[in-house]
Amino acid sequence: MRLAIREVHHTYGGGAPVLNGANLAIDDSEAVAILGPSGSGKTTLLTVIGLIQRLSRGTIEIDDREVSEHGSARRRVRDSVFSWIFQSANVLGRRTVFDNVAMGPLSRGRNSRDASDDVAAALERVGLGGFEDRRVYTLSGGEVQRVAIARAFARSTPVILADEPTGQLDAATSGMVADALLTRRSRGVSILVATHDAALARRCDRAVHLLDGRLVEAHSNHESA
């Protein structure tokens with residue numbers, strides 16, 4: 001699935017624009033890292049692309065078709081195209097790991113049996129196989145983040161938007177999560193990741209810098225990714 005934003009602007013209230021004519025095209029099965037200092041607007045960019053926030057001006061296109069601004073059509077695209085890995089894990093602490101991860105495939109209409117298979121596979125990919133019955137509040141911060149990542153994997157959407165997915169993980173676990181995340185490309189998944197993790201950015205196909213509300217190409221790793 002090809003994803004593009006064209007001349008995207010976003011402003012909070014009457015302040016200075018956070019996004020100021022941002023342009024980006026992501027090809028099918030491509031992983032793109034978004035780099036930039038804290039406060040530069042990386043999270044805002046992801047939420048605008050993922051149709052959580054409305055842009056102030058510009059267009060978002062999926063497979064060369066502009067996304068409608070109408071509520072029901074917009075929601076359908078958001079729910080069917082995007083899976084999220086949020087900077088804050090956004091999980092239900094009193095529920096089990098299985099319950100949290102199963103929310104992903106169940107929200108897309110998978111039946112319980114198929115969802116169970118999806119959950120088991122996703123947890124294996126992030127190193128949490130066998131954790132299904134653990135309550136999330138008993139886990140470490142890094143394990144909780146991996147639960148959130150597994151939930152995104154289990155949804156099986158064509159695009160994953162990840163906001164600092166390795167920010168709470170040690171180096172070894174970050175490498176494992178990066179392996180799992182980038183392997184999704186072989187399944188036709190495109191990945192857009194906002195990160196301060198230089199190692200993860202190097203492993204993406206491309207990296208772009210968000211500077212003064214615009215996106216500037218940083219580097220391409222097509223030969224080494």
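Biologist: Why does Asp 99 count as partly exposed?

Modeller: Its relative accessibility is 24%. Buried would mean under 20% and exposed over 50%, so a value of 24% puts Asp 99 in the partly exposed class. Keep in mind that this is a predicted model.

Biologist: And what makes Asp 99 and Arg 95 a salt bridge?

Modeller: The closest N and O atoms of the two are 3.2 Å apart. The cut-off is 4 Å, so the pair qualifies. As for Arg 95, a relative accessible area of 40% lies between 20% and 50%, so Arg 95 is partly exposed too.

Biologist: How many salt bridges turn up in a search of the whole structure?

Modeller: The search finds 10. One of them links Arg 203 and Asp 179.

Biologist: How do you know that Arg 203 and Asp 179 meet in a salt bridge?

Modeller: From N to O the distance is 2.6 Å, and anything within 4 Å counts, so the test is passed. Arg 203 sits in helix H7 and Asp 179 in helix H6, so this pair ties together parts that are 24 residues apart in sequence. Arg 203 has 34% relative accessibility and Asp 179 has 38%. Both values fall between 20% and 50%, so partly exposed is the right label for each. There is also a network: Arg 2, Asp 27 and Asp 64 are joined by salt bridges that share partners.

Biologist: Let's turn to the sheet. What makes S2 and S5 edge strands?

Modeller: Start with the layout: 4 strands form an open sheet, in the order S2-S1-S4-S5, with antiparallel pairing. Strand S2 (19-26) and strand S5 (65-66) each pair on one side only, and these are the edge strands.

Biologist: How do you know that S4 and S5 really pair?

Modeller: Pairing takes at least two bridges. Strand S4 (residues 57-62) and S5 are joined by 2 bridges, so they pass, and they run antiparallel. Across that pairing, Glu 61 stands opposite Glu 66 in S5. Helix H1 (residues 42-49) packs on the sheet, where it touches strand S1 (3-10), S2 and S4. The direction of H1 makes about 120° with that of S1.

Biologist: Why is S1 called largely enclosed by the rest of the structure?

Modeller: Because 6 of its 8 residues are buried. S1 also has partners in the sheet: antiparallel pairing with S2 runs over 6 bridges, and antiparallel pairing with S4 over 5 bridges. Ile 5 shows both contacts, standing opposite Leu 24 in S2 and having Ile 60 as its bridge partner in S4.

Biologist: What makes Glu 61 and Arg 6 a salt bridge?

Modeller: Their closest N and O atoms are 3.1 Å apart, which is within 4 Å, so the pair counts. Glu 61 belongs to strand S4 and Arg 6 to strand S1, so the pair ties together parts that are 55 residues apart in sequence.

Biologist: Is Glu 61 buried or exposed, and how do you know?

Modeller: The relative accessible area of Glu 61 is 15%, which is under 20%, so Glu 61 is buried. Arg 6, at 36%, lies between 20% and 50%, so Arg 6 counts as partly exposed.

Biologist: Which residues touch the most other members of the largest nonpolar core?

Modeller: Val 97, Val 101, Phe 153 and Ile 191, out of 39 residues in that core. Among the elements that give two or more residues to this core are strand S3 (31-35), helix H3 (97-107), helix H5 (141-155) and strand S8 (190-194). H5 gives the most, with 8 residues.

Biologist: Which residues is Val 101 in contact with, leaving aside its neighbours within four places in sequence?

Modeller: Val 119, Ala 122, Leu 123, Val 147, Ala 150, Arg 151 and Ala 154. Apart from this core lies another, of 28 residues, among them Leu 45, Val 81, Leu 161 and Leu 210.

Biologist: One more topic, the rings. How many aromatic pairs does the structure hold?

Modeller: It holds 1. The partners are Trp 84 and Phe 86, with 4.9 Å centre to centre and 5° between the planes.

Biologist: Why is the pair of Trp 84 and Phe 86 called stacked?

Modeller: Planes under 30 degrees apart count as stacked, so 5° settles the matter. The centres also meet the limit, because 4.9 Å is within 6.5 Å. Trp 84 has 13% relative accessibility, under 20%, so Trp 84 counts as buried. Phe 86, at 27%, falls between 20% and 50%, so Phe 86 counts as partly exposed.

Key: Residues are numbered from 1 along each chain as its sequence is written. This is a predicted model: local features need pLDDT of at least 70, side-chain atom pairs count only at pLDDT 80 or more; totals for chains, interfaces and linings use all residues. Side-chain values use heavy atoms; hydrogens and water are left out. Contact means heavy atoms within 4.5 Å. Axes are lines fitted to C-alpha atoms, for helices over the stretch in contact, and angles run from 0 to 180 degrees between N-to-C directions. Buried means under 20% relative accessible area, exposed over 50%, partly exposed in between (1.4 Å probe, protein chains only). A nonpolar core is a set of buried Ala, Val, Leu, Ile, Met, Phe, Trp, Tyr and Cys residues joined through side-chain atoms within 4.5 Å. A salt bridge is a side-chain nitrogen of Lys or Arg within 4 Å of a carboxyl oxygen of Asp or Glu. Rings of Phe, Tyr and Trp (its six-membered ring) pair if their centres lie within 6.5 Å; planes under 30 degrees apart count as stacked, over 60 as edge-to-face and the rest as tilted.
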